[in-house]
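Thanks for coming. I have one structure to go through today, so please look at the sequence and the model as I talk.

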Amino acid sequence: MAFYAVRYSYSDDPRLDEIRPEHRAFLGGLVDQGVLLASGPYVDVKPASALLIFRAGSADEVRSLLEDDPFQQHGLVAGIDVTEWNPVIGVFADQL
């Protein structure tokens, strides 16, 4: 299993606030499954975006998991960048 850093860029759509509770519940389910380790929005960044840290078998697996995200299903994600990440220091490195 490898770590993956995902950058979500959001569309400029007022429905983000409306759908956010469903989005967070979905992400909470991924935490419960043990595949999502951390998630949160970048602060004061335009366009609005977030970082998600996954532990998974492949980048395609991460993309597949995220297809069910309500934000994606409602067309609120403008871009997704999934990159394998190699933590060498810190709490994530200790999990290797």
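I start with one pair of strands: β1, residues 2-10, and β3, residues 49-56, run antiparallel and are joined by eight bridges. Within that pair, Y8 stands opposite A50 in β3. On terms, two strands count as paired if DSSP finds at least two bridges between them. Strands are DSSP runs of E with at least two residues, helices are runs of H or I with at least four, and both are numbered from the N terminus.

Before going on, this is a predicted model, in which local features need pLDDT of at least 70 and side-chain atom pairs count only at pLDDT 80 or more, while totals for chains, interfaces and linings use all residues. Residues are numbered from 1 along each chain as its sequence is written, and side-chain values use heavy atoms, with hydrogens and water left out.

Now the whole sheet. It is open, with four strands in the order β2-β3-β1-β4 and antiparallel pairing. β2 (36-41) and β4 (77-85) are the edge strands, each pairing on one side only. From one strand to the next, the twist averages 15 degrees.

Helix α1, residues 15-33, packs on this sheet and touches β1, β2 and β3. Contact here means heavy atoms within 4.5 Å. The direction of α1 makes about 160 degrees with that of β2; axes are lines fitted to C-alpha atoms, for helices over the stretch in contact, and angles run from 0 to 180 degrees between N-to-C directions. Helix α2, residues 59-66, also packs on the sheet, touching β1, β3 and β4, and its direction makes about 120 degrees with that of β3.

Which residues of α2 are buried? They are A59, V62 and L66, where buried means under 20% relative accessible area, exposed over 50%, and partly exposed in between, with a 1.4 Å probe and protein chains only. These residues lie on the same side of α2 because they cover an arc of only 60 degrees around the axis, taken from the directions from the helix axis to the C-beta atoms. They pack against β1, α1, β3, α3 (70-73) and β4.

L66 touches V6, Y8, F26, L30, L52, F54 and Q72, leaving aside residues up to four places away in sequence.

Last, the loop between β2 and β3. D44 lies there, with a positive phi of about 55 degrees although it is not a glycine. D44 counts as exposed, at 80% relative accessibility. P47 lies in that loop too, and a cis peptide bond joins K46 and P47, with omega about -5 degrees.
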